[in-house]
Amino acid sequence: MNVLILGSGGREHAFAIKLLESKKINKLFVAPGNAGTDKIATNINIDATDFEAVKKITLENDIKMVVVGPEVPLVAGVHDFFLADEELKNIPVIGPKKDGALLEGSKDFSKQFMQKHGVPTARYQSFTKDNLQEGFAFLETLAPPFVLKADGLAAGKGVLILDSLEEAKTELEEMVSNQKFGAASTTVVIEEFLKGIELSVFVLTDGKSYKILPSAKDYKRIGEGDTGLNTGGMGAISPVPFADKAFLDKVEELVVKPTIAGLQKDGIDYRGFIFIGLMNDNGNPSVVEYNVRMGDPETEVVLPRIESDLFELFEGVANQNLSEKSFSVTDKTATTVMLVSGGYPEAYEKNKEITGFDTVEDSFVFHAGTIIKDGKVVTSGGRVIAVTSFGDTIEEALEKSYKSIDKIHFDKMNYRKDIGFDLV
């Protein structure tokens with residue numbers, strides 16, 4: 001069968017590699033894809049949110065399943081678009097419809113959902129410019145640091161964590177009155193700061209049953225020791241050593257089960273991934289946020305650890321018989337280190353030629369911000385390549401990744417040399 005992946009990052013390259021392990025796939029298409037997917041699949045250069053263009057390539061290439069990588073097409077309703085179209089309605093889409101995608105598309109909706117269904121999370125309230133004074137008053141009831149979140153999608157940049165009450169009040173006003181993050185911050189969620197160690201747990205669900213995928217921890221800051229500006233992610237580790245069976249059992253009972261049951265109670269037919277950002281506070285899980293797709297770079301350590309046929313799992317999601325599908329995960333540790341453009345996450349140059357990646361033998365090389373130009377592979381984004389390795393320990397896996405990185409070169413290449421520093 002022919003399958004289409006929507007997206008262009010390291011996550012989508014990881015999906016492509018994993019799906020091509022299945023004997024059931026005939027041809028794989030990626031839209032728009034990158035230089036890595038170009039080597040193993042057919043890239044089609046369209047915008048993943050141009051649904052008419054997605055329809056055209058789906059019909060032209062006899063696509064029988066669509067896998068959605070990023071959140072924007074899901075929040076915009078790509079799944080609903082397929083269901084509403086006579087020619088597309090029987091083609092399964094892996095990813096929630098618009099109502100389910102609100103778990104990520106609206107922080108306010110997400111917090112209301114957690115509160116309604118008893119999912120442990122931080123105390124919060126939502127504010128707009130119309131009740132700004134109430135927002136100031138609520139900030140005064142909290143202890144620092146203060147957490148402000150733009151309600152809508154803000155490309156990962158809509159969350160502020162501030163130590164000063166005055167600064168928090170100023171930023172709240174900037175967000176709601178002056179639209180600091182555009183329309184995304186028309187409503188702002190203010191919440192209590194959760195203490196503990198952060199990690200992510202990923203769930204694949206067909207709306208009835210679910211499989212809990214490997215846990216992962218990513219590193220967001222550009223600088224070593226978790227300093228400097230936030231990025232889309234500089235690396236990740238799976239499994240997370242402190243997320244032992246006892247903790248993950250708690251996550252399943254207190255978070256996963258009420259989340260799946262809550263979706264059912266609310267009449268939301270959810271088929272796809274739920275990415276649960278968690279805080280582990282002395283062995284007690286609390287939800288920081290939901291995302292409605294796999295994380296990046298977490299996908300680059302989670303998918304390689306799955307031993308099962310990913311396409312068969314997706315068939316289980318589409319046919320709502322996921323519970324019948326076998327699921328197994330390797331005990332090995334996977335680590336990934338992200339190679340980024342100089343200057344990222346601020347201004348950076350593109351079109352830098354990348355060499356040496358094709359000589360790497362001991363690691364997976366997942367392309368993220370790469371394209372082919374004049375026959376050469378060049379940089380096209382801030383996060384360029386993720387280098388993933390297996391080991392019996394975090395140290396062993398990282399050593400392999402860093403040795404592989406020594407073979408890869410592009411002008412002003414930057415990466416963190418301390419991924420996993422807090423876990424070893």
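Two strands count as paired when DSSP finds at least two bridges between them. Strands β7 (residues 146–150) and β9 (residues 188–191) meet that test: 4 bridges join them, and they run antiparallel. The model is a predicted one.

## The four-stranded sheet

The β7 and β9 pair belongs to an open sheet of 4 strands. The order is β6-β9-β7-β8, and the pairing is antiparallel. Why is one side of β6 and of β8 left without a neighbour in the sheet? β6 (124–127) and β8 (159–162) stand at the edges and have a single partner strand each, so one side of each stays free of a neighbour in the sheet. On average, neighbouring strands here are turned by 20° against each other, with direction ignored. Within the β7 and β9 pairing, Val147 stands opposite Glu191 of β9.

Two helices touch this sheet. Helix α8 (residues 132–140) lies across β6, β7 and β9. Helix α8 runs at about 160° to β6. Helix α9 (residues 165–177) packs on the sheet as well, with contacts to β6, β7, β8 and β9. The direction of α9 makes about 10° with that of β7.

## The α6 and α7 pair

Two packed helices are described by the angle between their axes and the distance between those axes. Helix α6 (residues 98–105) packs against helix α7 (residues 107–116) at an angle of about 100°. Their axes are 6 Å apart. Angles of 65 to 115 degrees count as roughly perpendicular, and α6 is therefore roughly perpendicular to α7.

Which residues make the contact? From α6 come Asp99, Leu102, Leu103, Glu104 and Gly105. From α7 come Lys107, Phe109, Ser110 and Phe113. By class, the contact has 4 nonpolar, 2 polar and 3 charged residues.

## Cavities

How many cavities of 30 Å³ or more does the structure hold? There are 2. The table gives their volumes.

| Cavity | Volume |
|---|---|
| Largest cavity | about 40 Å³ |
| Second largest cavity | about 30 Å³ |

The largest cavity is lined by Ser341, Gly342, Glu349, Lys352, Thr379, Phe410, Asp411 and Lys412. This lining divides into 1 nonpolar, 3 polar and 4 charged residues.

Lining the second largest cavity are Lys107, Ser110, Lys111, Met114, Lys149, Glu191, Val288 and Glu289. Two elements, α7 and β17 (284–291), give two or more residues each to this lining. The largest share comes from α7, with 4 residues. By class, the second lining has 2 nonpolar, 1 polar and 5 charged residues.

Some names recur. Lys107 and Ser110 belong to the contact of α6 with α7, and both also line the second largest cavity. Glu191 stands opposite Val147 in the β7 and β9 pairing, and Glu191 is also part of the second lining.

## The five-stranded sheet

Another open sheet has 5 strands in the order β12-β15-β18-β22-β19. The pairing is antiparallel. Which strands are at the edges? They are β12 (217–218) and β19 (364–367), and each pairs on one side only. β12 pairs with strand β15 (residues 235–238) in the antiparallel sense, over 2 bridges. In that pairing, Asp218 stands opposite Ala236 of β15.

Key: Residues numbered from 1 in each chain as written. Predicted model: local features only at pLDDT ≥ 70, side-chain atom pairs only at ≥ 80, totals over all residues. Heavy atoms only, no water. Axes fitted to C-alpha atoms, helices over the stretch in contact; angles between N-to-C directions. Contact = heavy atoms within 4.5 Å. Parallel < 35°, antiparallel > 145°, perpendicular 65-115°, else oblique. Nonpolar A, V, L, I, M, F, W, Y, C, P; charged D, E, K, R; others polar. 1 Å grid on protein atoms, 1.4 Å probe; cavity = no way out; pocket = protein on both sides within 12 Å on 5 of 7 lines; lining within 4 Å. Points joined across faces, edges and corners; volume = space filled by probe spheres on them.
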